[in-house]
Amino acid sequence: MAKKPKTKVISRKQQSRVERELRNRRLVLWGTVGIIALVVLVIAYGLLDQFVLQQQRPVARVAGTPITLSELQKRVRFERYQLIQSITTLAQYKQLFNFDPASQAYFDAQIQQSVAQLNDSNTLGSKALDALIEARILEHEAATLGISVSEEEVTRAIQEAFGYYPEGTPTPAPTSTPYATATLNPIQRTLIPPTATPTSTSTPTTGPTPTPWPTATPTPTQDPNLTPTPTETPLPTPTPLTEEGFRANYTQYLEGLKAETGLEEADLRAFFKAFLLRDKLLKKLDAEIPYEEEQVWARHILVKTEEEAQNVLKRLAAGEDWVKLAAEVSQDTSNKDRGGDLGWFGKGEMTPAFEDAAFALTEIGQISQPVQTEFGWHIIQLLGREVRPISADRRQQLLNQKYQEWLDSKKTELKVERYDNVWQGKLPAEPTLPPGIAGN
């Protein structure tokens, strides 16, 4: 008869140890799973923060409406693309005009300036954000201003940017005839040498630079503004684009834009719409700019100290010749050899203290007391005062000033806020300049 196997008896102590080991294994397993899950969550959150949450962070607000980091990055890519297109075109022009050292130097300077803009990410980002804020303000105020832009207008503007005019090339506006200065009166003739000409030489304070149109330049001949006057036979005028040619160029541009920046046609049309809104507002403001204004014609002697200015007054009172004295002591080297002649200028063209003193003079030949500005001490003499037509450049300056004043007032009214710390260091570095362009 076979023996029964002995049953192994597990003691309570052994059973407790086994249960403890199983429990520890489960804890280790769950701990490992938890750590893996935590790592996955951290990575997922990082990706979510980088590609979703950060993209939606506001970099500015206009009337409480945010402008997101994603919008700014998109605009920066577009600005970079435009700069690269411009640099490429300039390099092509440089090659075309390799026979002219002056043109080579000109294009080199333009290329280096554009490359510097491309490499300055903070300045590029700030300008791009300014453009987005301006566009958002215009959108917000369009209805109040009574301006709007249709899809047909956007299409026509794009066509014209590519040099395609379905209804024919527009006729250039006639150039205004220079204003003829009245014959000098007897008092003026005693003050001014016969060779003097009352031509304005003042440097007006410039207004804001208009945002450039997004232009496509598939070939060098499409951007005549970049071409210097050649020293040899001019290049032939390009043949006007046909509709087929426009579509081919436009398609090529959109393909390049998407490949380099990820932007779609809708983004490009949105940029054009903003530009057109700005253009319509400028036309409304232009109607408020006068075509003539009171101007003065003056000359000055600039010295460093008030004591020197008082000495100039004494020498003039003693009968010394103004022109000779200006040539001897004036610190303004731009006009000292022609008697300090500043030509005609209106209000807003000179530094305020100088302007106030010049317009306070009432009699031809009257001389001011010493006037202090950031440049030194001035003695001013009035040579003429009359209402004169405003030049095209001067009207543009006044228009720019008026537009900037409007924009600044709206920024205050709409409580525009900028959060530069949000976007700095987070702007795209693409697209990049192709190798071989501008020494890259």
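**Exercise 1. Find how much area the protein exposes, and which atoms supply 55% of it.**

Solution. The protein exposes about 26600 Å², and carbon and sulfur atoms supply 55% of that area. Accessible areas of this kind come from the Shrake-Rupley method with a 1.4 Å probe, and for residues only the protein chains shown count as cover. The model is a predicted one, in which local features need pLDDT of at least 70 and side-chain atom pairs count only at pLDDT 80 or more, while totals for chains, interfaces and linings use all residues. Residues are numbered from 1 along each chain as its sequence is written, and side-chain values use heavy atoms, with hydrogens and water left out.

**Exercise 2. State what percentage of the residues count as buried, and how many helices and strands there are.**

Solution. Begin with burial: of the 440 residues of the protein, 37% count as buried, where buried means under 20% relative accessible area, exposed means over 50%, and partly exposed lies in between (1.4 Å probe, protein chains only). Then turn to the elements, of which the protein has 13 helices and seven strands; helices (H or I, at least four residues) and strands (E, at least two) are DSSP runs, numbered from the N terminus. Last, take the contacts, a contact being heavy atoms within 4.5 Å: among those between residues at least 6 apart in sequence, 77% join residues at least 24 apart.

**Exercise 3. Work out the strand order of the open sheet formed by four strands, and describe how its strands pair.**

Solution. The order is β4-β3-β6-β5, and the pairing is antiparallel. At the edges stand β4 (341-345) and β5, each with a single partner strand, so one side of each is left without a neighbour in the sheet. From one strand to the next the twist averages 40°, with angles running from 0 to 180 degrees between the N-to-C directions of axes, which are lines fitted to C-alpha atoms, for helices over the stretch in contact.

Now go through the pairs, bearing in mind that two strands pair if DSSP finds at least two bridges between them. β3 and β4 are joined in the antiparallel sense over three bridges, and Val296 stands opposite Phe345 in β4. β3 and β6 run antiparallel and are joined by 12 bridges, with His378 in β6 as the bridge partner of Leu302. Strand β5 (residues 371-373) is joined to β6 by three bridges, again antiparallel; these two strands form a hairpin with two residues between them, and Thr373 stands opposite Gly376 in β6. Because 10 of the 14 residues of β6 are buried, this strand is largely enclosed by the rest of the structure.

**Exercise 4. Decide which residues of helix α10 are buried, and what covers them.**

Solution. In helix α10 (residues 322-329), the buried residues are Trp322, Leu325, Ala326 and Val329. Seen down the axis of α10, these buried residues fall within an arc of 100°, so they line one face of the helix; the arc is that of the directions from the helix axis to the C-beta atoms. Lys324 and Glu328, on the other side of α10, are exposed. The cover over the buried residues includes β3 (292-303), α9 (306-317) and β6 (376-389).

As a further step, place the helices against the sheet: α10 lies across β3 and β6, running at about 60° to β3, and α9 lies across β3 and β6, running at about 60° to β6. At the start of α10, a side-chain oxygen of Asp321 reaches to within 3.1 Å of the backbone nitrogen of Val323, a polar contact being a pair of N or O atoms within 3.5 Å, where, within protein, one must be able to donate a hydrogen and the other to accept it, and residues adjacent in sequence count only if both atoms are side-chain atoms.

**Exercise 5. Determine whether Thr261 is buried or exposed, and which backbone atoms its side chain reaches.**

Solution. Thr261 is found in helix α7, and at 8% relative accessibility Thr261 counts as buried. Its side chain reaches the backbone oxygen of Leu257 at 2.5 Å and the backbone nitrogen of Leu263 at 3.1 Å. When its neighbours within four places in sequence are left aside, Thr261 is in contact with Arg77, Tyr81 and Pro431.
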